[in-house]
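Here is a short walk through a few corners of this model. Have a look at the sequence and the fold, and then read on.

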Amino acid sequence: MTNWDSRALAVVQQLRRSGHQAVLVGGCVRDSLLSIPPHDYDVTTSALPWEILSCCAGFPCLNTGLKHGTVTVLSDGLPVEVTTFRREGSYSDHRHPDQVEFTSDLTDDLARRDFTINAMAWGPEGLIDRFGGQEDLNARLIRCVGDPDRRMEEDALRLLRGLRLAGQLRFTIHPDTADAIHGHAPQLSMVAWERISAEFLRLLCSPGAEQVLLDFPDVVTQILPELGPAVGFDQRNPHHRWDVYTHSVKTAALVPPSPALRLAALLHDVGKPASFFLDERGIGHFYGHDRLGVPLAERAMARLRLDNATRERAAILISRHHLPVEPTRRWAGRWLSRLGEECFFQLLALKGADASACAPPLKAEESAPLERAEALGRQLLEENACLSLRTLAVNGHDALKSGLAGPQIGQALHELLDYVAQGELPNERSALLSALERYLSP
């Protein structure tokens, strides 16, 4: 374990020089043991909060949680969160301890932590592991410190944090800890949506998201109740080997880990249960499920307090995920222009994942049009084809001079862009000025 940031060690050393116990603790120790460079540093110490401030007077300090024993020390620009050894009382709000008692015993401090792999510390004497964290790390296991029911009862966010860690590290959750997570899922209602959203998106974009989401649909539907009807919903269709929820999770796992794209993949079929139709042959169909799914997805994303750009992108992808693909320059140009570069390729990724999660392996005749459309899109970009109003050879002033006014201007320019992007008109000023004449009012 030689990859510590020297700036974090400087804080530990400063506290120790002042006669206090001080060790690195938590995620930075876990990551270092996994040969992952730590992204943030936590220190726990026997020094009381005001003693931390005194010892670290040579550093800029922020009183981020003095009442609970926490001071953020800025060591050459690196924020190091320093917290006094402590025991915690009951958690009446299922999120925060009602009272905190400072202690001189490091074991007390480690015992209050959530998971064994987060309850390890490191000091100059080496690794300090009082709860089997290293053994669980080697076994790739997420296990609570002490009684898992108590840990989850104390802080409801821990259950989602455990799932996120399992997804990020591709670890298995210990059966006793898994049982506690299932049992305490309704307590997520006690957690602020901003906190739930941050953890859930990290889980959704993690490498091991698929298995976690499949193992804990009760937690997912606590966050996204819109997906509740999809769990176990038999599609009754020869092209679908999985229920709607499983298909959606598998689709999400097959697209790149962008929040908007993975949300769109997870929610793309959220409208299916409400649109289910069984024909006379006993085959299920879901006519208009993309249209029905958009408002459900928008409601879910609003609850997660997502930014407008993420919500709008996911909604567009969901609304267009059944768009027929034509492997032609005309089709690629039209949709590159309408959707924009990033959204265009995300839509193709979503469509490919959707097809692969229906009845794998994806047949060549199904994948070929998508691959050809993607190649044509990239070719158009390499050729610097006109795909936006910014590169169109005429602009609003030209439309105004031609006699158009108000909404007509935008409508005309967008229609011209469509023709140019599809190769039906050259992006030449004279040709486009002539074309503008058709939009003149009688």
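Which residue just after α15 takes a positive phi? That residue is R305, with a phi of about 60°.

Before going further, a word on the ground rules. This is a predicted model, so local features need pLDDT of at least 70 and side-chain atom pairs count only at pLDDT 80 or more, while totals for chains, interfaces and linings use all residues. Residues are numbered from 1 along each chain as its sequence is written, and side-chain values use heavy atoms, with hydrogens and water left out.

Back to α15, a helix of 15 residues (residues 289-303). Helices (H or I, at least four residues) and strands (E, at least two) are DSSP runs, numbered from the N terminus. The expected span of a helix is 1.5 Å times one less than its number of residues, so α15 should span 21 Å, and its end C-alpha atoms are indeed 21 Å apart. Its buried residues (under 20% relative accessible area; exposed is over 50%, partly exposed in between, with a 1.4 Å probe and protein chains only) are H289, D290, G293, V294, A297, A300, M301 and R303. The elements that cover them, by contact (heavy atoms within 4.5 Å), include α9 (193-204), α11, α13 (259-267), α14 (272-275) and α16 (308-320).

α11 (217-223) also leads us to H240, which lies in the loop between α11 and α12 (244-254). Leaving aside residues up to four places away in sequence, H240 touches Q235, H247, K272 and C358. The side chains of H240 and Q235 share a polar contact of 3.4 Å; such a contact is a pair of N or O atoms within 3.5 Å, where, within protein, one must be able to donate a hydrogen and the other to accept it, and residues adjacent in sequence count only if both atoms are side-chain atoms.

H240 is buried, and so are two cysteines, as the table shows.

| Residue | Relative accessibility |
|---|---|
| H240 | 18% |
| C55 | 12% |
| C144 | 3% |

The structure holds zero disulfides (pairs of cysteine sulfur atoms within 2.5 Å). For C55, the nearest cysteine sulfur is that of C56, 6.1 Å away.

Finally, take strand β1 (residues 22-25): A22 and L24 point one way, V23 and V25 the other, and all are buried. β1 pairs (at least two DSSP bridges) with β2 (residues 41-45) in the antiparallel sense over three bridges, and L24 has V43 as its bridge partner there. β1 and β8 (residues 120-123) also run antiparallel, joined by two bridges, with V25 opposite A121.
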